[in-house]
Amino acid sequence: MNTGPASTILVVEDEKQIRRFVRQALEREGHRVFEADTVAAGLIEAGTRKPDLVVLDLGLPDGDGVQFVLALRAWSSAPVLVLSARASEHDKIRALDAGADDYLTKPFAVGELQARTRALLRRLRSASEQAGPLIRFGDVTVDLARRQVLRADVPVHLTAIEFRLLVVMVSNAGKVLTHRHLLREIWGPAYSESTHYLRVYVGRLRQKLELDPAQPRHFVTEIGVGYRFQL
């Protein structure tokens, strides 16, 4: 059972059985749940309900769920959890690049759905609580204003690129960031396919900031897709 405050969640899914399954799972966590079965109805509900989180199917009768994400991102930063029978990495990456935050491939377990929604809602609350220039994880403190990183109160030297990568990742804690998104943010669009750069620099951040770089807890690989930073 969720111990945090109740949240408003919008479920956009055209299959009635799955919609009911998701609704019941989220209501057991104490959330208020609203439903839609098309892209158009989902956008109307999102505008009306102002949800804290959206659970979205990619295959909808009047369009692709990616269209929903693109339209939503024009005015809302609410986390989006994608549910889809599409298991290919290409579909996941398209949704994440459009602005989705995480994904689950059907079929999925109730516990996994609840855990993912809890994580995204925690990230939402953490972002509002950590709105200032200090971000803390493990024994690390990142001072964004001073561009300073401390580990156990000892300064850690990061290169300009390492610090830029760190800022992008910690600013999107809990969100899956695709290789392409990170490469464009750090190096620019000309480097959007140069994934070996990312492997090198994420590896350096792990060496400098993880307790056990071989088993990272904060800088996590999403195989074939990208990386996720976890507080």
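**Charges and burial in a predicted model**

There are eight helices and 14 strands in the protein chain, and the model is a predicted one.

Trainee: What makes the protein chain as compact as a globular protein of that length?

Mentor: Set two values side by side. The radius of gyration is 18 Å, and the globule rule gives 17 Å for 231 residues. These are close, so the chain is as compact as a globular protein of that length. The C-alpha trace spans about 55 × 40 × 30 Å along its principal axes. Buried residues make up 48% of the 231 residues.

Trainee: Why is the pair of lysine 106 and aspartate 57 called a salt bridge?

Mentor: The cut-off is 4 Å between a side-chain nitrogen of Lys or Arg and a carboxyl oxygen of Asp or Glu. For lysine 106 and aspartate 57, the closest N and O atoms are 3.2 Å apart. That is within 4 Å, so the pair counts as a salt bridge.

Trainee: Which parts does this pair tie together?

Mentor: Lysine 106 lies in the loop between strand E7 (102-105) and helix H5 (110-129), while aspartate 57 is in strand E3. The pair therefore ties together parts that are 49 residues apart in sequence.

Trainee: How do you know whether lysine 106 and aspartate 57 are buried or exposed?

Mentor: Buried means under 20% relative accessible area. Lysine 106 has 16%, so lysine 106 counts as buried. Aspartate 57 has 5%, so aspartate 57 is buried too.

Trainee: Why is arginine 116 called partly exposed?

Mentor: Partly exposed sits between the 20% and 50% cut-offs. Arginine 116 has 23%, so that label applies. Its salt-bridge partner glutamate 112 is partly exposed at 35%. Their closest N and O atoms are 3.4 Å apart. Both residues lie in helix H5, four residues apart, about one turn of the helix.

Trainee: What makes aspartate 143 and arginine 146 a salt bridge?

Mentor: Their closest N and O atoms are 3.9 Å apart. The limit is 4 Å, so the pair qualifies. Burial sets the partners apart: aspartate 143 is buried at 11%, whereas arginine 146 is exposed at 65%. Elsewhere, shared partners join Asp102, Glu112, Arg116, Glu222 and Arg228 into one network. By this rule the count comes to 17 salt bridges.

Trainee: What makes the patch of Asp14, Glu15, Asp37 and Asp62 negative?

Mentor: Asp and Glu count as negative, so a patch formed by these residues is negative. Aspartate 14 is in the loop between strand E1 (8-12) and helix H1 (16-27). Aspartate 14 is partly exposed, with a relative accessible area of 30%.

Methods. Residues are numbered from 1 along each chain as its sequence is written. This is a predicted model: local features need pLDDT of at least 70, side-chain atom pairs count only at pLDDT 80 or more; totals for chains, interfaces and linings use all residues. Side-chain values use heavy atoms; hydrogens and water are left out. Patches are made of residues with over 30% relative accessible area and no salt bridge: like charges are joined within 9 Å, nonpolar side chains (Val, Leu, Ile, Met, Phe, Trp, Tyr) within 5 Å. Accessible areas come from the Shrake-Rupley method with a 1.4 Å probe; for residues, only the protein chains shown count as cover. The place of a charge is taken as NZ of Lys, CZ of Arg, CG of Asp or CD of Glu. Helices (H or I, at least four residues) and strands (E, at least two) are DSSP runs, numbered from the N terminus. Buried means under 20% relative accessible area, exposed over 50%, partly exposed in between (1.4 Å probe, protein chains only). The radius of gyration is taken over C-alpha atoms; the globule rule is 2.2 Å times the number of residues to the power 0.38.
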